[in-house]
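Visitor: Please pick one part of this model and take me through it closely. I want its pairings, its packing and its side-chain contacts, then how the rest connects.

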Amino acid sequence: EVGGTKQSSLMGHNRNLSVAAGAESFIQIADLVKMTDTKGLTAIHDGSIVGISINYNCGLPSGKFSGMNLKVKVNGSSVWENEIDAANASDKEDGFTQARDVDSFSAGDTISVCLAGLGAGSISVSKIIVQLEYYYDD
């Protein structure tokens, strides 16, 4: 049997977040603090990421915007990317899971989440709620 403690963290972004093609737009956590490659969840123990879900609103894209990815980063390096729907609508939902130890982290690592635009142009995304699920190793 594999041991460990399952954890989850909730983050969100209520205002409009402009997601441009070829760029990353980080989600907020903890009262208007925006995540970056070096600002995020600090891992307390070694572990691995096993799930992520998102609920969000999308505006109308501009230019030749072709979609966006929901990315999980560890110490600034993308470890897990999933394409999410960028069509104009409210209360969109998506979720992804993976096996333990596919994307792992060490105690002290910084874990952050962002959206990355595809193609050319941009889109406005708002009312974002993200839940990240992970296991700490025992």
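Guide: Start at a bridge. Valine 74 has isoleucine 111 as its bridge partner in β12. Keep in mind that this is a predicted model. The part to look at is β8, residues 65-74. β8 and β12 run antiparallel, joined by 9 bridges. β8 is also joined to β9, again antiparallel, by 7 bridges. On that side, leucine 70 has asparagine 82 of β9 as its bridge partner. β8 and β9 form a hairpin, with 2 residues between them. In the turn, asparagine 75 has a positive phi of about 55°.

Now the burial. Of the 10 residues in β8, 9 are buried, so the strand counts as mostly covered.

Next, the packing. In soluble globular proteins, nonpolar side chains tend to be buried together. Here the largest nonpolar core has 35 residues. Met68 and Leu115 have the most contacts inside this core. Several strands give two or more residues to the core: β2 (17-20), β7 (47-58), β8 (65-74), β9 (77-84), β12 (110-119) and β13. The largest share comes from β13, with 7 residues.

β8 carries charges too. A search of the whole structure finds 7 salt bridges. In one of them, the side chains of lysine 73 and glutamate 24 meet at 2.7 Å, N to O. Lysine 73 lies in β8 and glutamate 24 in β3 (residues 24-26), so this salt bridge ties together parts that are 49 residues apart in sequence. Which of the two partners is buried? Lysine 73 is, at 4% relative accessibility. Glutamate 24 is partly exposed, at 31%.

A second salt bridge follows the hairpin. Lysine 71 and glutamate 81 meet through their side chains at 3.9 Å, N to O. Lysine 71 sits in β8 and glutamate 81 in β9, 10 residues apart. Lysine 71 has a relative accessible area of 9%, so it counts as buried. Glutamate 81 is partly exposed, at 41%. These contacts belong to a network of salt bridges that links Glu24, Asp37, Lys71, Lys73 and Glu81.

Now move to β13, the strand with the largest share of the core. One salt bridge there joins the side chains of lysine 6 and glutamate 133, at 3.7 Å, N to O. Lysine 6 is in β1 (residues 5-13) and glutamate 133 in β13, so many positions apart that the pair links distant parts of the chain: the separation is 127 residues. Lysine 6 is partly exposed, with a relative accessible area of 46%. Glutamate 133 is partly exposed as well, at 25%.

β13 also holds aromatic contacts. With ring centres required to lie within 6.5 Å, the count comes to 3 aromatic pairs. Phenylalanine 105 and tyrosine 134 have ring centres 6.2 Å apart and planes at 75°, so the pair is edge-to-face. This pair links distant parts of the chain: phenylalanine 105 is in β11 (residues 103-105), tyrosine 134 in β13 (residues 122-136), 29 residues apart. Both phenylalanine 105 and tyrosine 134 are buried. Phenylalanine 105 also pairs edge-to-face with tyrosine 136, at 6.1 Å centre to centre and 80° between the planes. Again β11 is linked to β13, with the two residues 31 apart. Phenylalanine 105 has a relative accessible area of 5%, and tyrosine 136 counts as buried at 9%. Ring pairs link Phe105, Tyr134 and Tyr136 into a cluster. There is a charge contact at a ring as well: arginine 100 lies over the face of tyrosine 135, at 4.1 Å from the ring centre.

Last, the cysteines. How many disulfides does a search of the whole structure find? The count is 0. Cysteine 58 is in no disulfide, and the nearest cysteine sulfur, in cysteine 114, is 15 Å away. That is too far for a bond. Cysteine 58 is buried, with a relative accessible area of 4%. Cysteine 114 is buried too, at 0%.

Notes
Residues are numbered from 1 along each chain as its sequence is written. This is a predicted model: local features need pLDDT of at least 70, side-chain atom pairs count only at pLDDT 80 or more; totals for chains, interfaces and linings use all residues. Side-chain values use heavy atoms; hydrogens and water are left out. Rings of Phe, Tyr and Trp (its six-membered ring) pair if their centres lie within 6.5 Å; planes under 30 degrees apart count as stacked, over 60 as edge-to-face and the rest as tilted. Helices (H or I, at least four residues) and strands (E, at least two) are DSSP runs, numbered from the N terminus. Buried means under 20% relative accessible area, exposed over 50%, partly exposed in between (1.4 Å probe, protein chains only). A charge sits over a ring if NZ of Lys or CZ of Arg is within 6 Å of the ring centre and within 35 degrees of the ring normal. A nonpolar core is a set of buried Ala, Val, Leu, Ile, Met, Phe, Trp, Tyr and Cys residues joined through side-chain atoms within 4.5 Å. Two strands pair if DSSP finds at least two bridges between them. A disulfide is a pair of cysteine sulfur atoms within 2.5 Å. A salt bridge is a side-chain nitrogen of Lys or Arg within 4 Å of a carboxyl oxygen of Asp or Glu.
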